[in-house]
Structures are given as C-alpha cells and as structure tokens.
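Open the model in your viewer and keep the selection tool at hand. The tour below goes from one selection to the next and says what is found at each stop.

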Amino acid sequence: MAAAPHTLYALPHSLYSGKVRSYLRYKGIAFEERVATLREFQRFIIPRTGIKFIPVVQTPDDVVVQDSTETMDLLDARHPARAVMPETPVQKLVALLFELYADEWLLLPAMHYRWSFWHEQKHIDDVLEHFGMLLSPKAPRWLRRKAGAQFCKPFHGALPVLGVTPRTIPALEAWYEEFLDRMNAHFSAHRYLLGDRASVGDFGLMGPLYAHLGRDPYPKALMQRRAPKVYAWVQRMNEVEPAIGDWLPDDAIPDTLLPVLQRMFAEHWPVLADTVAQVARWLDEHPDARRLPRFVGRHRFVLGGVEEERSVFPYPQWMLQRVLDHYASLPANARAAADALLAKVGGLEAMQLQIPRRVARAHHRLVPEGMTP
Ligand SMILES: N[C@@H](CCC(=O)N[C@@H](CS)C(=O)NCC(=O)O)C(=O)O
C-alpha cells in the first residue's frame with residue numbers, strides 16, 4: 001500500500017509555497033496539495049499553527065509545520081535520500097547564503113514585479129484571480145477577481161514597508177535585470193546552483209523566481225526573454241524526482257556565482273547587520289517580551305546607490321544565525337577555505353558579525369532565545 005501522503009496547504013501564487021512544493025516534488029515525497037482557502041485557514045491552519053501564514057505541511061503522523069526552512073529541515077531528517085543540505089563546508093555556506101538572500105532580499109523584486117504593473121491588464125487579472133482562490137478556487141473568474149482585489153490589499157500595500165518605492169524602483173529593476181543576466185550565465189553551465197544536484201539555495205530561489213517572477217505574466221515574459229536558462233531552471237525545479245547527479249567535486253563554488261554573492265554582501269548584508277542591532281535594542285527595551293513582533297522599527301538602506309527607508313523585520317536574523325552558526329562551527333582548514341571564498345566576494349569581515357541577542361523559533365513564532373512563548 002502506498003504511504004499516506006503529506007498535505008501541503010498552499011496557494012499557486014504564494015512565494016514560499018513555490019519553494020516547498022518544488023522541494024516535495026524533488027524529494028519524491030508523496031503529498032496532496034490543498035488550496036489554502038479562508039475556510040481552510042479557519043478549519044485547520046489557524047487552529048493548528050496559531051498564525052495566518054502558508055505554506056503549512058501536515059505529515060502523515062500529524063506533525064504540522066509552517067515555515068519553508070523548518071519544513072526542509074524536518075523532512076530531510078526524516079527522508080535522507082536526496083538530502084538538500086551540502087555536506088562540504090563551503091558549499092553549505094553558499095547554499096545557506098543563497099537561501100537567505102532569496103527568501104529575504106529577492107522578495108523585493110518579487111513584490112515589485114507583482115504589484116507595480118496594474119496597467120498590465122492580463123498580468124493583474126491573473127494575480128487577482130489567484131488571490132480570489134482564497135474565496136474558492138471554483139468561483140467564477142470574475143468573482144475571484146473581485147474578491148482578489150480585496151484580499152490582496154495588505155500585500156501590495158507592503159511595498160513601501162519593504163523599501164520598494166518610486167525612488168528605489170529604477171535601481172531595483174536594474175539590479176534584478178543584472179541578477180537575471182548573471183544567473184542566466186550560471187545556468188548555461190550548471191543545472192543547479194552547485195552542480196548537478198539541488199540544494200537549499202536552489203529551493204530558496206524557487207520562491208521568488210517561480211511564484212512571482214517566473215509565473216506572474218509580466219515578469220514571466222521578462223524572464224523568458226532575458227534569461228531563458230533561468231526560466232528553464234524554474235521548470236526543472238518543478239519536476240517530480242528529476243534525474244540528478246552530484247554537487248561539484250572538491251567543495252568547489254562556480255565562478256559565475258561570485259558577482260551575485262558580492263552584491264549580496266554589499267547591499268543585503270548591511271540591512272541584516274542593522275537588523276541584528278535593532279533586534280538587540282528592541283529586546284533590551286522589552287525585557288519581558290515573549291515574542292518578537294513582525295517589525296521592530298525602521299532603518300535606512302542603499303540599493304544601487306539610492307538611499308531609502310524600510311521596516312526592520314526580525315525574522316531574517318533567524319535565517320542569518322543559521323549562516324553564522326555554520327561558519328562558526330568550521331574547523332580551521334574548512335574555515336580557511338570558506339575565508340578564501342569570502343575574501344573574493346567582500347564577505348570576510350561581514351561574516352565576523354556577532355549577534356548580541358539571539359532569536360529562536362517556537363510554536364511557529366519568533367521568540368527571544370531561551371524563552372518559551
Ligand atoms: N518564512 C516563512 C514565510 C511565510 C510567508 O510569509 N508566507 C506568506 C505567503 S507566501 C504569507 O502567508 N503571508 C501572510 C501575511 O504576510 O500576512 C516561510 O518560509 O514559510
């Protein structure tokens with residue numbers, strides 16, 4: 001008898017759902033996808049997680065997990081075949097860095113290309129019809145479009161919160177096009193980020209590069225035109241149990257990724273470093289807090305030479321801790337290899353960042369480390 005499947009509560013256009021769906025398919029883990037309608041939120045998602053986020057995975061033995069990164073950790077531990085965390089030190093570091101960058105910084109172009117193109121009728125109809133699935137995937141398209149226009153308000157309203165404003169949009173588009181060109185060159189030579197096998201870095205990229213940028217009509221056309229190898233990678237990442245080989249030998253990192261890492265350290269890292277400082281300040285000011293709020297203030301950042309303000313999201317500190325903890329755990333020879341790479345991409349000093357107040361995740365929430373909510 002076939003094993004009882006996992007259940008994935010998701011939406012077709014949801015960013016982190018794209019990441020988890022692709023992971024489940026790649027692993028060959030049997031799952032049933034349930035559309036996360038408002039009814040499913042009331043019936044299952046909110047009662048079982050206490051929060052209103054997707055994707056949510058329910059295992060056959062009724063473990064419920066929200067958070068794409070925790071899902072991969074849990075299921076890789078239970079299903080070790082086709083593990084997605086590289087075992088060698090430098091490849092693991094790069095995979096973790098890409099997952100962090102994709103989840104938290106490529107979110108900006110993902111949100112911009114979804115929400116700044118209201119004048120593109122085909123694009124926006126598609127987006128609203130998908131948001132309308134919250135009502136029911138079976139509702140007629142006109143009704144989904146109407147309902148979608150209500151449901152989507154908090155999402156497109158989030159652009160300035162993320163720092164996507166008329167000031168940053170030209171720089172953001174230039175950066176994204178440069179990113180596409182670089183990844184197109186990379187995927188011309190490699191099937192995945194680190195060779196012939198996918199890692200957490202690939203699944204991280206699948207969130208923004210599938211759900212928004214490779215699926216919504218306007219940015220999908222841009223990707224197909226400008227970066228066909230990236231588009232082909234998106235298709236490959238959605239295959240069920242694709243034939244795979246191995247990661248590159250000798251813990252090698254393809255040169256094609258170096259300019260991407262360089263820009264990550266130049267622009268995303270300062271945001272992360274300031275997040276760490278602001279989380280520490282907030283926790284010092286709120287000594288009795290049992291949870292972190294969604295934002296802990298505002299900070300300035302620079303993108304393509306343009307300065308802007310955005311809200312400070314504490315969650316990325318948790319992702320950053322995974323990177324820094326891995327780096328700190330390396331024995332001397334592995335550390336020397338990691339440092340040689342970091343020196344090439346302007347990340348050596350960055351990686352010495354200390355975290356004064358750590359955060360943890362408990363019961364689907366971000367909490368001060370050592371605190372149970
Ligand atoms: N870090 C979480 C993020 C999940 C997340 O933000 N999901 C979005 C949908 S793609 C959501 O549910 N957003 C609801 C909201 O922002 O209120 C993960 O990796 O699963």
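**Helix α15 and its surroundings**

Begin by selecting residues 315-328, helix α15: its 14 residues at 1.5 Å a residue should span 20 Å, and the end C-alpha atoms are 20 Å apart, so the two values agree. The model is a predicted one, so every stop on this tour describes a prediction.

Stay on α15 and colour its buried residues, which are P316, Q317, W318, L320, V323, L324 and Y327. In general, an α-helix has 3.6 residues a turn, so residues three or four places apart point the same way. Now show what these buried residues of α15 pack against: helices α4, α14 (258-285) and α16 (332-344), together with strands β7 (359-362) and β8 (365-368).

**The nonpolar core**

V323 leads on to the next selection. The largest nonpolar core has 98 residues, and V323 is among those with the most contacts inside it, along with L93, V94, L97, F98, Y101 and V230. Select helix α4, residues 89-104, which gives the most to this core, with ten residues. Then pick F98 alone: leaving out residues up to four places away in sequence, F98 touches L193, G201, G204 and L205.

**The three domains**

Zoom out and colour the protein chain by its domain assignment: domain 1 covers 6-78, domain 2 covers 92-241 and domain 3 covers 254-368. Between the C-alpha centres of domain 1 and domain 3 there are 26 Å. Where the two meet, seven residues of domain 1 are in contact with four residues of domain 3. On the domain 1 side of this contact, the residues are one nonpolar, four polar and two charged.

**The ligand**

Which residues surround the ligand? Select S14, L15, Y16, S17, K52, F53, I54, P55, D67, S68 and T69 to see them. By class, this shell has five nonpolar, four polar and two charged residues. Helices α1 (15-27) and α3 (68-78) each supply at least two residues of the shell, and the largest share, three residues, comes from α1.

Two members of the shell deserve a closer look at the backbone. The peptide bond from I54 to P55 is cis, with omega near 5°. P55 sits in the loop between α2 (38-49) and β3 (56-58).

**Strand β2**

Next select R34, which is in strand β2 (residues 31-35). R34 counts as partly exposed because it has 15 C-beta neighbours inside 10 Å. Neighbours within four places in sequence aside, R34 touches T7, Y9 and E40. For a distance across the model, pick R34 and L162: they are 128 residues apart in sequence, and their C-alpha atoms are 29 Å apart.

**Helix α6 and the loop after it**

Select α6 (121-131) and mark its buried residues, I124, D126, V127, L128, E129, H130 and F131. Helices α5 (107-115), α7 and α12 (217-226) are included in what covers them.

The loop between α6 and α7 (141-151) holds P137. P137 is partly exposed, because 14 other C-beta atoms lie within 10 Å. Pick T37 as well: P137 and T37 are 100 residues apart in sequence, but 7.9 Å apart in space, C-alpha to C-alpha.

**Three more loop residues**

Is R82 buried or partly exposed? With 16 C-beta neighbours inside 10 Å, R82 counts as partly exposed. R82 lies in the loop between α3 and α4. Its phi is positive, about 55°, although R82 is not a glycine.

Move to H363, in the loop between β7 and β8. H363 also has a positive phi, near 50°, in a residue other than glycine. H363 is exposed, because 12 other C-beta atoms lie within 10 Å.

Finish at G346, in the loop between α16 and β7. Because G346 has 15 C-beta neighbours inside 10 Å, it counts as partly exposed. Apart from its neighbours within four places in sequence, G346 is in contact with Q262, F265 and A266. P80 makes a last pair with G346: the two are 266 residues apart along the chain, and their C-alpha atoms are separated by 34 Å.

Methods: Residues numbered from 1 in each chain as written. Predicted model: local features only at pLDDT ≥ 70, side-chain atom pairs only at ≥ 80, totals over all residues. Domains from an automatic or database assignment. Nonpolar A, V, L, I, M, F, W, Y, C, P; charged D, E, K, R; others polar. Near = placed C-beta within 6 Å. Helix = DSSP H or I, 4+ residues; strand = E, 2+ residues; numbered from the N terminus. Core = buried A, V, L, I, M, F, W, Y, C linked by C-beta atoms within 7 Å. Buried ≥ 20, exposed ≤ 12 C-beta atoms within 10 Å, placed from the backbone. Expected span 1.5 Å × (residues − 1).
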